[in-house]
Amino acid sequence: MAEETLDEDNLWRCPRCADFKPAAKQFSLWKLPPHLVVHLKRFQYVPGAYFVHRQKIDDLVSFPIARLDLGGFVRGPTDEAAPPVYDLFGVSEHSGGLGGGHYTAIAQNFKNKRWYAFNDSSVTEADASRAVSPQAYVLFYKRSRGSVPGAFRSRLQTLKANYKALYCNFAGL
């Protein structure tokens, strides 16, 4: 989100004069979705003496399980009835190296609100704090309860009503 000055190898090409000029770039958030997927950079290319090789990044990235507030990063208009606050509901994990890594997951059950660890054919109950680890690779967030945008909430209620009516009509056949 910080402004980045483009270096000599990445100058901006002016559309009017076609010259390459120094410039800065910055990513901004204007509108946020009901679900947010965050991909952590876990692999990098490292230049060597004779070749470039890939390397796994195992640094611990600290991230909140509840109440990730992105309000300070949104530049567009915000819906006060739906603040941009998110809760974590799942993490895809990667362990091992590039040549033989293994993927696992930890996720929250929407019905009972408990957290579970998934590893191939086994599922075990887990503590939510286990989600924050050096193996975290992809983070899955949803807007906090009560913070669904008004238009989306209205459409969701309409879909639920239509589904219920359809189900009742089908069950009566």
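**Exercise 1. The salt bridge of Asp58**

Determine which side chain meets that of Asp58 in a salt bridge in this predicted model, and how exposed each partner is.

*Solution.* Begin with the pair itself: the side chain of Asp58 forms a salt bridge with that of Lys56, at an N to O distance of 3.3 Å. This falls within the 4 Å that the criterion allows between a side-chain nitrogen of Lys or Arg and a carboxyl oxygen of Asp or Glu. Next, take the accessibilities one by one: Asp58 has a relative accessibility of 45% and therefore counts as partly exposed, whereas Lys56, with a relative accessible area of 12%, is buried.

**Exercise 2. The salt bridge of Arg114**

State how many salt bridges a search of the whole structure finds, and work out which parts of the chain the pair Arg114 and Glu125 ties together.

*Solution.* The search of the whole structure gives two salt bridges. In the one between Arg114 and Glu125, the side chains meet at 3.8 Å, N to O. Arg114 belongs to the loop between E10 and E11 while Glu125 sits in strand E12, so the pair links parts that lie eleven residues apart in sequence. As for accessibility, Arg114 is partly exposed at 44%, and Glu125 is exposed at 53%.

**Exercise 3. The strands around that loop**

Trace the pairing of E10, E11 and E12, and find the residue with a positive phi in each hairpin.

*Solution.* Start with E10 (residues 102-108) and E11 (residues 115-119), which run antiparallel and are joined by four bridges; here Gln108 stands opposite Trp115. Six residues lie between these two strands, and in their hairpin Lys113 adopts a positive phi near 65 degrees. Continue to E12 (residues 122-126), which pairs with E11 in the antiparallel sense over five bridges, with Val123 in E12 as the bridge partner of Phe118. The hairpin of E11 and E12 has two residues between the strands, and in this hairpin Asp120 takes a positive phi near 55 degrees.

**Exercise 4. The setting of Lys142**

Decide whether Lys142 is buried or exposed, and identify what it contacts beyond its neighbours within four places in sequence.

*Solution.* Locate the residue first: Lys142 is part of strand E13, which spans residues 136-143. Its relative accessibility is 18%, and because buried means under 20%, Lys142 counts as buried. Once neighbours within four places in sequence are set aside, Lys142 is in contact with Pro34, His35, Val85, Tyr86, Asp87, Phe89, Gln108 and Phe110. For Phe89, which is 53 residues away along the chain, the C-alpha separation from Lys142 is 7.0 Å. Gln108 connects this exercise with the previous one, since this contact of Lys142 also stands opposite Trp115 in E11.

Conventions
Residues are numbered from 1 along each chain as its sequence is written. This is a predicted model: local features need pLDDT of at least 70, side-chain atom pairs count only at pLDDT 80 or more; totals for chains, interfaces and linings use all residues. Side-chain values use heavy atoms; hydrogens and water are left out. Buried means under 20% relative accessible area, exposed over 50%, partly exposed in between (1.4 Å probe, protein chains only). Contact means heavy atoms within 4.5 Å. Two strands pair if DSSP finds at least two bridges between them.
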